Amino acid sequence: MVVDYQLINALCEQILGMDASIRWAAIVNDNGVILSSKQRPGLLPLLTQEENEEYVLSAISRHKTRTKFETRIGKLRYAFGKYEGLNRATIPITIHHYILLTIDKNEKNFDSIIMEKILPLVENNINRFTDSAMENLPASEYESGTFRCTVCAKEFATKEDADKHHHETHKQESVHADE
């Protein structure tokens, strides 16, 4: 997958500028690799670069376990952790890209920052992450004995069933997405 570092760097800058309480913003891939990160100017980081890299790996791993129940409870918008020293959020962009944030520990409006500022930015740029969304992503992914549609996370017993569902259900959505 080709990475547009100019886009990713620009989005990190935009996210960092969306609210004064945002300490650090990163865009990472599904392997836990930090593609770009920016921190608030003058900020004394609480973690080293190596510790951030370790955190990213664990955050992506935890996110992947959360998708198991999306067919029943809906798609995860973001995951949030409140620590004594800061707040952290994991926000999926696609199945291959995520935003990780840290927010000042005393910020009470984190939900509105994420839902009203960051998620609209993600939604406005999602097509730039997927190249031609349905054509470049696999229709299904294997996990724990089941196959799952990569768009809606519905589970199927066989890859063929998952692929058939994906193409019949979601190919039409991608054709009309720009209308």
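Is Phe110 buried, exposed or partly exposed? Hold that thought for a moment, everyone, and thanks for coming. One caution before we start: what you see is a predicted model.

Back to the ring. Phe110 has a relative accessibility of 22%, and since buried means under 20%, Phe110 counts as partly exposed. Its partner is Phe80, which at 26% is also classed as partly exposed. These two rings stack, with 3.8 Å between centres and 10° between planes. A search of the whole structure turns up 1 aromatic pair, and this is it. I like it because the pair links distant parts of the chain: Phe80 sits in strand 3, residues 79-82, and Phe110 sits in helix 4, with their positions 30 residues apart in sequence.

Now let's go to helix 1. This helix covers residues 5-17, 13 residues in total, and spans 18 Å from first C-alpha to last, close to the 18 Å expected. Which of its residues are buried? They are Leu7, Ile8, Leu11, Cys12, Ile15 and Leu16. Looking down the axis, the buried residues of helix 1 fall within an arc of 165°, so they line one face. In general, an α-helix has 3.6 residues a turn, so residues three or four places apart point the same way. On the other side of helix 1, Gln6 and Gly17 are exposed. And at the start of the helix, a side-chain oxygen of Asp4 comes within 3.3 Å of the backbone nitrogen of Gln6.

That brings us to the largest nonpolar core, which has 24 residues. The members touching the most others are Ile15, Ile27, Ile91, Ile99, Leu101 and Ile118. Helix 1, strand 1, strand 4, strand 5 and helix 4 each give two or more residues, and helix 4 has the largest share, with 7. Take Ile91: setting aside residues up to four places away, its contacts include Tyr98, Ile99, Leu101, Ile114 and Ile118.

There is also a second, separate core of 10 residues, including Trp24, Ile34, Val56 and Leu100. Two of those names come back with my last residue, Asn52, which lies in helix 2, residues 49-66. Beyond its neighbours within four places in sequence, Asn52 contacts Trp24, Ile34, Leu47 and Arg88. With Arg88, the side chains make a polar contact of 3.3 Å. Is Asn52 buried or exposed? Its relative accessibility is 10%, so Asn52 counts as buried.

That's my tour; happy to take questions.

How values were computed. Residues numbered from 1 in each chain as written. Predicted model: local features only at pLDDT ≥ 70, side-chain atom pairs only at ≥ 80, totals over all residues. Heavy atoms only, no water. Helix = DSSP H or I, 4+ residues; strand = E, 2+ residues; numbered from the N terminus. Expected span 1.5 Å × (residues − 1). Buried < 20%, exposed > 50% of the residue type's maximum accessible area, 1.4 Å probe, protein only. Arc of directions from axis to C-beta. Polar contact = N/O pair within 3.5 Å; in protein donor to acceptor, adjacent residues only side chain to side chain. Core = buried A, V, L, I, M, F, W, Y, C linked by side-chain atoms within 4.5 Å. Contact = heavy atoms within 4.5 Å. Phe/Tyr/Trp six-rings, centres within 6.5 Å; stacked < 30°, edge-to-face > 60°.
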